[in-house]
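Colleague: Could you take me through this model, giving the rule behind each term as you go? I'd like to see how each label was reached.

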Amino acid sequence: MKTNSGKMENKNYKIGKAFFEKEWNDEKIKIHSECVIEACINMSLSTDLNQNIFIIAGWIHDLGRKIDKDSHHVLSLDFLKEFLKENTNFTEIEKELKDCILNHRSEGNPETIYGLIFKCADKVALHNNKWLEYKKNKKSSCS
Ligand SMILES: [Fe+2]
């Protein structure tokens, strides 16, 4: 099946990706974030949902892992704050971005449809072929 990965790389995708690269640029999380965004975009095709929310949340949701894995969903909100300071035109979607980021983990309770889709996409991303390929190569280079 054809994926939407080519189409999803719009201007906001590049803005989010540039922020991610500036803050951390971890290879593993970069691939994971790409897969989360792809799953969100594919889940919201032919809807009126704002895909920019998924794109920005996708790039920011795991940045907190740079500091601490256990509380990363909360710590990622600080990165969101920083992002919104630099990109004030995204403040109108702040509530949805926060919901996606804060509630993306298994114990999260999303309040918006964006958060619900995002939480699901975080798990779907683990089955993305690009992710599986990355994990496989990583394993074989370690052995
Ligand atoms: Fe996460």
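**Helices, core and loops**

Modeller: Let's start with H1, where Lys-11, Lys-14, Ala-18, Glu-21 and Lys-22 on the other side are exposed, while Tyr-13, Gly-16, Phe-19 and Phe-20 are buried. Please bear in mind that this is a predicted model: local features need pLDDT of at least 70, side-chain atom pairs count only at pLDDT 80 or more, and totals for chains, interfaces and linings use all residues. Residues are numbered from 1 along each chain as its sequence is written.

Colleague: What makes a residue buried or exposed?

Modeller: A residue is buried if 20 or more other C-beta atoms lie within 10 Å of its own, exposed if 12 or fewer, and partly exposed in between, with C-beta atoms placed from the backbone. By that rule, 34% of the 143 residues of the protein count as buried.

Colleague: Why do the buried residues of H1 line one face of the helix?

Modeller: Seen down the axis of H1, they fall within an arc of 130°, so they line one face. The arc is taken over the directions from the helix axis to the C-beta atoms. Those buried residues pack against H2, H3 and H4.

Colleague: How do you know that the length of H1 agrees with what its residues should span?

Modeller: The expected span is 1.5 Å times one less than the number of residues. For the 13 residues of H1 that gives 18 Å, and the end C-alpha atoms are 19 Å apart, which agrees. Helix H6 (residues 113-124) has twelve residues and reaches 16 Å, close to the 16 Å expected.

Colleague: And which residues of H6 are buried?

Modeller: They are Tyr-114, Gly-115, Ile-117, Phe-118, Ala-121 and Asp-122. Their arc is within 160°, so they too line one face of H6. They pack against helix H2 (27-43), helix H3 (51-60) and helix H5 (94-102).

Colleague: How many helices and strands are there, and what counts as one?

Modeller: Seven helices and zero strands. Helices (H or I, at least four residues) and strands (E, at least two) are DSSP runs, numbered from the N terminus.

Colleague: What makes a set of residues a nonpolar core?

Modeller: They must be buried Ala, Val, Leu, Ile, Met, Phe, Trp, Tyr or Cys residues joined through C-beta atoms within 7 Å. The largest such core here has 29 residues, and those with the most contacts inside it are Cys-40, Phe-54, Ala-57, Ile-60 and Phe-118. H3 gives the most to this core, with seven residues. Two residues are in contact if their C-beta atoms, placed from the backbone, lie within 7 Å. Not counting residues up to four places away in sequence, Ile-60 touches Ser-76, Phe-79, Leu-80, Phe-83 and Ile-101.

Colleague: Why does the radius of gyration agree with a compact globule?

Modeller: The radius is taken over C-alpha atoms, and the globule rule is 2.2 Å times the number of residues to the power 0.38. For 143 residues that is near 15 Å, and the protein has 14 Å, which agrees.

Colleague: Why is Asn-25 called exposed?

Modeller: Asn-25 has 11 C-beta neighbours inside 10 Å, so it counts as exposed. This residue sits in the loop between helix H1 (11-23) and H2, and its phi is near 60°, a positive value in a residue other than glycine. Ser-46, in the loop between H2 and H3, has a positive phi of about 60° as well. With 5 C-beta neighbours inside 10 Å, Ser-46 also counts as exposed.
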